[in-house]
Amino acid sequence: MNTEALKISLAQKILSISDNNLLNKLKLLIEQENVVGYDAKGNPIFVSQYLKEMDAILADIDNKTAELFSTEDIKKSIIDANNLAQ
């Protein structure tokens, strides 16, 4: 089944659902899988993945185990990695 046919089929099935609980579950599933951006290699980053990573980072910050870098640290790292003169 091609993409357009699949979309039409799913839309028809969703339109026939009258159970609010099921509709809310579908809504949540779709929202969790929305693409919020792409990584450096062009792979999609989904909302669910992004939120999980942000929660982990916030936990590291709260636990004082996060590795933080200043703007100058990042700038130096880029310059050094690319053999650039300052």
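**An extended chain of helices and strands**

Ser 77 has its place in helix α4. With a relative accessible area of 44%, Ser 77 is partly exposed, because that value falls between the 20% that bounds buried residues and the 50% above which a residue counts as exposed. Ser 77 also gives a first idea of the span of the chain: its C-alpha atom is separated by 50 Å from that of Ile 8, and the two residues are 69 apart along the chain.

The coordinates discussed here belong to a predicted model, so a word on confidence is useful before going further. The protein chain has an average pLDDT of 91, and 99% of the residues score at least 70. Confidence is highest in helix α1, at 94, while helix α2, covering residues 20–32, has the lowest mean, at 89.

Turning to the overall architecture, the protein chain contains four helices and two strands. Read from the N terminus, these elements follow the order α-α-β-β-α-α. The radius of gyration of the protein chain is 21 Å, whereas the globule rule gives 12 Å for 86 residues; the chain is therefore more spread out than a compact globule. Along the principal axes, the C-alpha atoms fill a box of roughly 65 × 35 × 15 Å.

Contacts and accessibility can be read alongside these dimensions. Among contacts between residues at least 6 apart in sequence, 0% join residues at least 24 apart. Of the 86 residues in the protein chain, 3% count as buried. The chain exposes about 7,800 Å², and carbon and sulfur atoms supply 58% of that area.

A pair of residues from the middle of the sequence offers another view of spacing. Gln 49 sits in helix α3, which spans residues 47–62. Its relative accessibility is 34%, so Gln 49 counts as partly exposed. Between Gln 49 and Asn 24 there are 20 Å in space, C-alpha to C-alpha, for a separation of 25 residues in sequence.

At the N-terminal end, helix α1 covers residues 3–15 and includes Leu 6. Leu 6 is partly exposed, because its relative accessibility is 42%. Together with Met 1, Leu 10 and Ile 14, Leu 6 makes a nonpolar surface patch of about 410 Å². Helix α1 also holds a charged pair: Lys 7 and Glu 4 both lie in this helix, three residues apart, or about one turn. These two residues form a salt bridge in which the closest N and O atoms are 3.7 Å apart.

How many salt bridges does the structure hold? There are two. Such pairing is possible because side chains of opposite charge can pair when their charged atoms come close. Besides the pair formed by Lys 7 and Glu 4, a salt bridge joins the side chains of Asp 80 and Lys 76, with an N to O distance of 2.6 Å. Asp 80 and Lys 76 are both located in helix α4, which runs over residues 71–81, and they are four residues apart, about one turn of the helix. Asp 80 has a relative accessibility of 44% and so counts as partly exposed. This returns the account to helix α4, where Ser 77 is also placed.

How values were computed:
Residues are numbered from 1 along each chain as its sequence is written. This is a predicted model: local features need pLDDT of at least 70, side-chain atom pairs count only at pLDDT 80 or more; totals for chains, interfaces and linings use all residues. Side-chain values use heavy atoms; hydrogens and water are left out. Patches are made of residues with over 30% relative accessible area and no salt bridge: like charges are joined within 9 Å, nonpolar side chains (Val, Leu, Ile, Met, Phe, Trp, Tyr) within 5 Å. Accessible areas come from the Shrake-Rupley method with a 1.4 Å probe; for residues, only the protein chains shown count as cover. A salt bridge is a side-chain nitrogen of Lys or Arg within 4 Å of a carboxyl oxygen of Asp or Glu. Buried means under 20% relative accessible area, exposed over 50%, partly exposed in between (1.4 Å probe, protein chains only). The radius of gyration is taken over C-alpha atoms; the globule rule is 2.2 Å times the number of residues to the power 0.38. Contact means heavy atoms within 4.5 Å. pLDDT is the predictor's confidence in each residue, from 0 to 100.
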